[in-house]
Amino acid sequence: MEYGFNVPNGGPLAVPEHIATLAQHGEKLGYRILAIPDHIVVPTGIDSTYPYSPDGTLTFPTLLAGECLEPLALMAYLAGVTTEMRLLTSVMVVPYRHPVLTAKLLSTIDLLSGGRAVVGVGAGWMAEEFPPVGAPPFEARGRATDEYLRIYKELWTADTPRYEGEFTSFDNILFHPKPVQKPHPPIWVGGESKPAKRRTVRYGDAWFPIGCNPRFPMDTLGRFAAGLDDLRAMAEAEGRDPASIDLAFWAVWYGASEEPIMTDTGERMLLTGSADDVAGDIQSMRELGVRHLLLQVLRETLEETLDVITGFAEEVRPKADG
């Protein structure tokens with residue numbers, strides 16, 4: 001199992017020295033992924049439903065204060081302060097950025113990092129953020145996301161790339177350097193809905209759900225297994241080998257309580273409880289095919305966050321991997 005955690009993109013921890021300290025500490029302890037969230041601007045009024053809270057309310061105080069480092073710039077910074085950890089956009093809202101420029105930025109980061117870029121992608125949920133960044137209409141975000149992913153792959157792999165699409169067209173161009181990773185940096189598709197699973201099957205190298213979406217919960221082993229069965233059935237229907245789809249999981253609730261958290265079914269929530277409970281869940285997820293696990297480690301202070309990173313590495317990981 002490959003483990004990773006999120007880096008701060010807002011608030012008191014989102015300064016160069018703290019970001020570097022967290023990343024380098026994690027690298028020394030054997031973590032192998034740094035997850036970088038995405039927002040560019042924060043509207044002063046947000047009526048959109050946040051998909052990952054029970055009542056749809058956005059609950060991130062730093063984001064509500066308008067604090068958000070741009071993820072691709074942060075990704076480039078992290079490439080310079082680490083040597084081994086992979087750098088994951090978690091997730092990049094694909095329609096926010098012009099696809100040709102984005103493909104170039106990601107290709108450059110992959111080159112400068114020695115092939116460590118991982119492109120986590122999603123279609124976005126905050127309608128109010130789309131107009132100020134010049135994105136296609138919110139209602140077209142799914143079509144734009146699919147088109148932009150096709151464009152990335154064309155630019156990253158074709159000798160003389162060309163594309164004719166609904167949102168972007170180009171021809172008679174050269175695109176170099178290509179990414180270090182071949183055929184391109186892995187694309188991890190975030191999301192739990194059927195459209196997200198379909199996008200995974202058609203364009204993704206890995207499925208990367210968050211388990212706490214109340215509309216599509218995967219917060220128990222049984223629920224996650226059912227979602228995985230659905231994904232694999234969709235792959236077979238599309239003529240893709242389900243085994244060719246890598247599996248990652250984003251546990252944004254990790255460490256919220258030292259006691260087990262119970263779901264609406266009365267079952268223990270996945271990856272909660274004692275070190276033995278969490279380690280057992282990881283072993284069960286590995287048996288289902290999960291190879292990458294991302295944890296929410298950020299706390300109010302640098303010291304508390306370092307403690308969470310260290311605690312998992314010393315108390316849980318040996319039990320899970322032993």
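Which residues in α4 meet which residues in α5? In this predicted model, Pro-99, Val-100, Thr-102, Ala-103, Leu-106 and Ser-107 in α4 meet Tyr-148, Ile-151, Tyr-152, Leu-155 and Trp-156 in α5. The points below begin with this helix pair, turn to a second pair formed by α1 and α9, and then follow the strands β1, β2, β10 and β11 before closing on the residue Asp-277.

**Helix α4 against helix α5**

- Helix α4, which covers residues 99-112, packs with helix α5, which covers residues 141-157, at an angle of about 50°, and the two axes lie 9 Å apart.
- That angle makes α4 oblique to α5, and the crossing of the two helices is right-handed.

**Helix α1 against helix α9**

- The axes of helix α1 (residues 16-28) and helix α9 (residues 302-321) come within 10 Å of each other and cross at roughly 15°.
- Because angles under 35 degrees count as roughly parallel, α1 and α9 are therefore roughly parallel to each other.
- The crossing of α1 and α9 is right-handed.
- On the α1 side the residues that meet α9 are His-18, Thr-21, Leu-22, His-25 and Gly-26, and their counterparts in α9 are Leu-302, Thr-305, Leu-306, Ile-309 and Thr-310.

**Strand β1 and its partners**

- Strand β1 (residues 2-6) runs parallel to β11, to which four bridges join it, and it also runs parallel to strand β2 (residues 33-36), to which three bridges join it.
- Along the pairing with β11, Glu-2 stands opposite His-292, while Phe-5 stands opposite Leu-295.
- Phe-5 also has a place in the pairing with β2, where Leu-34 stands opposite Phe-5.
- Five of the five residues of β1 are buried, with Glu-2, Gly-4 and Asn-6 on one side of the strand and Tyr-3 and Phe-5 on the other, so that both faces are covered.
- Together with helix α1, the strands β1 and β2 make a right-handed β-α-β unit, and α1 is also the helix that crosses α9.

**Strand β11 and its partners**

- In strand β11 (residues 292-295), His-292 and Leu-294 point one way and Leu-293 and Leu-295 point the other way, and all of these residues are buried.
- Besides its pairing with β1, β11 pairs with strand β10 (residues 246-251) in the parallel sense, over four bridges.
- Leu-295 of β11 is the bridge partner of Ala-251, and Leu-295 also stands opposite Phe-5 of β1.
- A right-handed β-α-β unit is made by β10, helix α8 (residues 275-288) and β11.

**Asp-277 in helix α8**

- Asp-277 is found in helix α8, the helix that takes part in the right-handed β-α-β unit with β10 and β11.
- Is Asp-277 buried or partly exposed? Its relative accessible area is 27%, and because buried means under 20% and exposed means over 50%, Asp-277 counts as partly exposed.
- When its neighbours within four places in sequence are left aside, Asp-277 is in contact with Pro-260, Arg-268 and Thr-272.
- Arg-202, by contrast, lies 75 residues from Asp-277 along the chain, and the C-alpha atoms of these two residues are separated by 35 Å.

Methods
Residues are numbered from 1 along each chain as its sequence is written. This is a predicted model: local features need pLDDT of at least 70, side-chain atom pairs count only at pLDDT 80 or more; totals for chains, interfaces and linings use all residues. Side-chain values use heavy atoms; hydrogens and water are left out. Buried means under 20% relative accessible area, exposed over 50%, partly exposed in between (1.4 Å probe, protein chains only). Two strands pair if DSSP finds at least two bridges between them. A crossover is right-handed if, with the strands pointing away from the viewer, the path from the first strand over the helix to the second runs clockwise. Axes are lines fitted to C-alpha atoms, for helices over the stretch in contact, and angles run from 0 to 180 degrees between N-to-C directions. Angles under 35 degrees count as roughly parallel, over 145 as roughly antiparallel, 65 to 115 as roughly perpendicular and the rest as oblique. A crossing is left-handed if the near helix is turned anticlockwise from the far one by less than a right angle, and right-handed if clockwise. Contact means heavy atoms within 4.5 Å.
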